[in-house]
Amino acid sequence: MHSEFAWIEAIAPDMLGVITKRYQILQFINWLAPVGRRTLADQMKISERVLRTETDFLRQQGLVESSKSGMILTGKGLDAFHGLEQLMNQLLGVKDDEKRLAKILGIDHCLIVPGDADQSPRVLDELGKTLNQTMQVLLPAGNLTVAVMGGTTMARIAQQMTFKLSSGRELTFVPARGGVGEAVDIQANSVAAAMASATGSKFRVLYIPENVSTETYQPLLKEPAVKEVLALIDNAQVVIHSVGDALVMAHRRQMSAQTIKMLTEHHAVAETFGTFYDELGNVIYKIPRIGLQIPDLNRMPYVFAVAGGRSKARAIRAYMHNAPKHSWLITDSGAANMILTGETR
């Protein structure tokens with residue numbers, strides 16, 4: 001397929017350019033709809049004049065329609081966008097980039113969604129859809145326990161889970177670790193419940209808060225309900241987590257000024273599973289919590305890390321020094337391009 005693209009580019013270089021530009025306009029409208037022309041031009045980093053010409057053409061073809069709220073794709077436009085998706089991924093070299101990214105990060109699998117989550121939250125929805133589709137293909141039939149972490153990314157992707165994921169499977173979603181001092185709706189318990197609801201599955205909660213002394217939580221570990229959930233977590237076959245910016249996560253969890261100063265002085269850039277890393281993957285600090293630890297992931301058959309946006313690129317690269325080799329990273333072009341071009345160093 002790549003050779004055919006090369007010949008087309010040789011005799012009609014403008015054609016591939018036009019197709020790519022119009023596809024990307026459809027893509028951004030799909031993410032941002034309803035969207036005005038000025039906002040769309042800003043997001044795509046092109047002039048309003050150029051955008052007007054292209055959107056007028058797409059409107060004439062019946063692919064886009066406008067209202068006072070902004071532009072949206074028509075049914076025909078959605079069909080064209082989805083029909084071109086696989087072709088455009090090949091044309092834009094996404095598959096090659098996925099292989100290169102996996103090699104750089106030292107893991108087996110990377111999937112790249114077009115766009116940048118920092119620019120458009122809709123890209124997070126695409127990450128969620130890709131995760132859902134990938135799990136549909138990979139996970140075996142039968143009873144499976146899925147351990148999930150919390151966070152804003154995880155809460156967003158939970159909304160993209162579908163009943164198809166539980167077809168032929170009995171899924172039980174559990175929080176991968178105890179409470180993390182975050183808003184209730186993005187805690188792991190809430191994410192597990194949301195994923196279970198979206199897929200028509202079961203879930204269990206773990207009521208062990210963070211920031212309590214060992215003396216406080218040790219008696220809780222003897223409670224039958226807690227012991228049962230911890231056993232489920234420990235024997236989970238699937239893990240889903242994100243990767244966060246170290247200082248952002250430290251502030252979100254209202255960690256002490258002294259700890260934040262220490263993280264800053266030691267150049268912490270990444271956090272996941274309560275562990276903070278510098279850019280070389282060295283552990284700077286660990287939050288003592290109940291549940292899965294990074295080494296536990298090595299024995300879990302299916303590990304999915306989901307994180308996107310240019311702002312997450314350094315964190316992703318830093319964490320991947322410690323990630324299991326069999327991990328699946330689902331990210332976007334914003335983060336991937338930063339890593340591929342070496343801008344995270």
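**Strand pairing and helix packing in a predicted model**

Q: What makes glycine 281 notable in the hairpin of β10 and β11?
A: In this predicted model, glycine 281 takes a positive phi near 90° in the hairpin of β10 and β11, which has 4 residues between the strands.

Q: How do you know that β10 and β11 pair, and in which sense?
A: Two strands pair if DSSP finds at least two bridges between them. Strand β10 (residues 275-278) and strand β11 (residues 283-286) have 3 bridges in the antiparallel sense, so the criterion of at least two bridges is met. Phenylalanine 276 has tyrosine 285 of β11 as its bridge partner.

Q: How do you know that β7 and β12 pair, and in which sense?
A: Strand β7 (residues 238-241) is joined to strand β12 (residues 302-306) over 4 bridges, in the parallel sense; the cut-off is at least two bridges, so they count as paired. The bridge partner of isoleucine 240 in β12 is phenylalanine 304.

Q: What is the strand order of the open sheet of 7 strands?
A: The order is β3-β13-β12-β7-β4-β5-β6, with parallel pairing.

Q: Why do β3 and β6 stand at the edges?
A: Each of β3 (109-113) and β6 (202-203) has a single partner strand, so one side of each lacks a neighbour in the sheet.

Q: Which strands does helix α6 lie across?
A: Helix α6 (residues 94-105) lies across β3 and β13 (328-332), at about 135° to β3. Helix α15 (residues 333-340) also touches β3 and β13, and its direction makes about 105° with that of β13.

Q: Why is helix α14 described as largely enclosed?
A: Buried means under 20% relative accessible area. In α14 (residues 313-320), 7 of the 8 residues are buried, so the helix is largely enclosed by the rest of the structure. Among them are Ile316, Arg317 and Tyr319.

Conventions. Residues are numbered from 1 along each chain as its sequence is written. This is a predicted model: local features need pLDDT of at least 70, side-chain atom pairs count only at pLDDT 80 or more; totals for chains, interfaces and linings use all residues. Side-chain values use heavy atoms; hydrogens and water are left out. Helices (H or I, at least four residues) and strands (E, at least two) are DSSP runs, numbered from the N terminus. Contact means heavy atoms within 4.5 Å. Axes are lines fitted to C-alpha atoms, for helices over the stretch in contact, and angles run from 0 to 180 degrees between N-to-C directions. Buried means under 20% relative accessible area, exposed over 50%, partly exposed in between (1.4 Å probe, protein chains only).
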